[in-house]
Amino acid sequence: MAEVVDFRVLSGSDQTLLVWGLEPEPGLEHSLFSAFSRFGPLYSVRAHRNAAVAGPGYCAVIKFYSAGDASRAQRTCNGQRLFQKSPLKVCVCTKQKGFQHQVLALSSNKCQELANHYLGFNGWSSRIITLQNVSGFGGEDEEVGRTLEKQSVKYLCAVELTLPKHGVCTRGVALAEADVENSADPLELLTATRRVQKLAAGRALSSAFQKILLVVLENGKVAVEYNSSQEEPTDSLTEEELKGLVQVNELSLEQFDLEEEVLSDLSFDDEPGDAI
């Protein structure tokens, strides 16, 4: 049976494992990651001290991108000692009813981890089509009340994502903004500008990844489908039209509601499988 994996923050309970009976030890989360990542890529590993009523020890929540990987890990690891003396108890998270999580896009770093696992480091590449300073196009009242000491830096970025083996090419467009407390300080302005450029580029790459779906087949092979439900008006523009897209009055940061980016992991190198 095939499974569809997308580039969004996990919302399914069947992708989450609960592990308890853990003994305290240094580097517990690292040990859990090593033991469970052999079944497939992990979204997160979190260990917590047991509540007082539950007695000494720790429990953990492990989230997989794939429900199939989570199921295999549960069947294999439940009742096993793995890295400690006593056996662990592992179960699939019980579905929560009546509670809806907002579906968010994965950060660009998480997108790259997922793509590298299923597509390979050479299975995809990205390039920046345009990266524009649009600080003066923020809206009629945005600059009211700002002083020379505090200004806003805003960048618009368009990125192209290519999966050559699958014949798929998508684009992502994103906006990022930050305040500069003292714009008269060249170093502070340069630092803020660089940070906003990286954030816009990361968000644009994440937006491009939202438009593809990974179909993981039973034999382990991966097919790629274009997710037309995420199509945007900018997808039909030519590169020259994208480069001229500076009127961002109708764009809002609320449209790009992403996880927190780890900016230090982003670069502008244009190598397949690397961050942009």
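1. Buried here means under 20% relative accessible area. By that cut-off, 43% of the 276 residues in the chain are buried. The model is a predicted one. Its secondary structure comes to 5 helices and 10 strands. Long-range pairing is well represented: among contacts between residues at least 6 apart in sequence, 71% join residues at least 24 apart.

2. Start with helix α1, residues 28-36. Its buried residues are L28, S31, L32, A35 and F36. They lie on the same side of α1, because they cover an arc of only 115° around the axis. What packs over them? The cover includes strands β2 (16-22), β3 (42-49), β4 (58-64) and β5 (89-92), along with helix α2 (67-77).

3. Next, the largest nonpolar core. It has 38 residues, and F7 and F209 touch the most other members. At least two residues each come from α3 (108-119), β7 (151-163), β8 (168-180), α4, β9 (212-216) and β10 (222-226). Helix α4 gives the largest share, 9 residues. The core also draws on both domains: at least three residues come from domain 1 (10-92) and at least three from domain 2 (108-137 + 151-244). A second core is separate from this one; it holds 19 residues, including L32, A35, V45 and A73. In general, nonpolar side chains tend to be buried together in soluble globular proteins.

4. F7 deserves its own entry. Which residues does F7 contact, leaving aside neighbours within four places in sequence? The list is A105, L106, C111, L114, A115, F209, Q210, I212 and L214. F209 thus appears twice in this note: as a contact of F7, and with F7 as one of the two residues touching the most other members of the largest core.

5. Helix α4 spans residues 186-209. Its length checks out: 24 residues at 1.5 Å a residue should span 34 Å, and the end C-alpha atoms are 35 Å apart, which agrees. At the start of α4, a side-chain oxygen of D185 comes to within 3.1 Å of the backbone nitrogen of L187.

6. R203 also sits in α4. Is R203 buried or exposed? It counts as buried, because its relative accessible area is 18% and the cut-off is under 20%. The R203 side chain reaches the backbone oxygen of L175 at 3.2 Å.

7. V180 belongs to strand β8. With a relative accessible area of 1%, V180 is buried. Its C-alpha atom is 5.2 Å from that of Q151, although 29 residues separate the two in sequence.

8. Two loop residues are worth a look. L82 is in the loop between α2 and β5. Its phi is near 55°, a positive value in a residue other than glycine. Most residues other than glycine have a negative phi. At 35% relative accessibility, L82 counts as partly exposed.

9. The other loop residue is G136, between β6 (125-133) and β7. G136 is exposed, with a relative accessible area of 70%. Its C-alpha atom is separated by 8.8 Å from that of V153, which is 17 residues away along the chain.

How values were computed
Residues are numbered from 1 along each chain as its sequence is written. This is a predicted model: local features need pLDDT of at least 70, side-chain atom pairs count only at pLDDT 80 or more; totals for chains, interfaces and linings use all residues. Side-chain values use heavy atoms; hydrogens and water are left out. Buried means under 20% relative accessible area, exposed over 50%, partly exposed in between (1.4 Å probe, protein chains only). Helices (H or I, at least four residues) and strands (E, at least two) are DSSP runs, numbered from the N terminus. The arc is that of the directions from the helix axis to the C-beta atoms. Contact means heavy atoms within 4.5 Å. The expected span of a helix is 1.5 Å times one less than its number of residues. A polar contact is a pair of N or O atoms within 3.5 Å; within protein, one must be able to donate a hydrogen and the other to accept it, and residues adjacent in sequence count only if both atoms are side-chain atoms. A nonpolar core is a set of buried Ala, Val, Leu, Ile, Met, Phe, Trp, Tyr and Cys residues joined through side-chain atoms within 4.5 Å. Domain bounds come from an automatic or database domain assignment.
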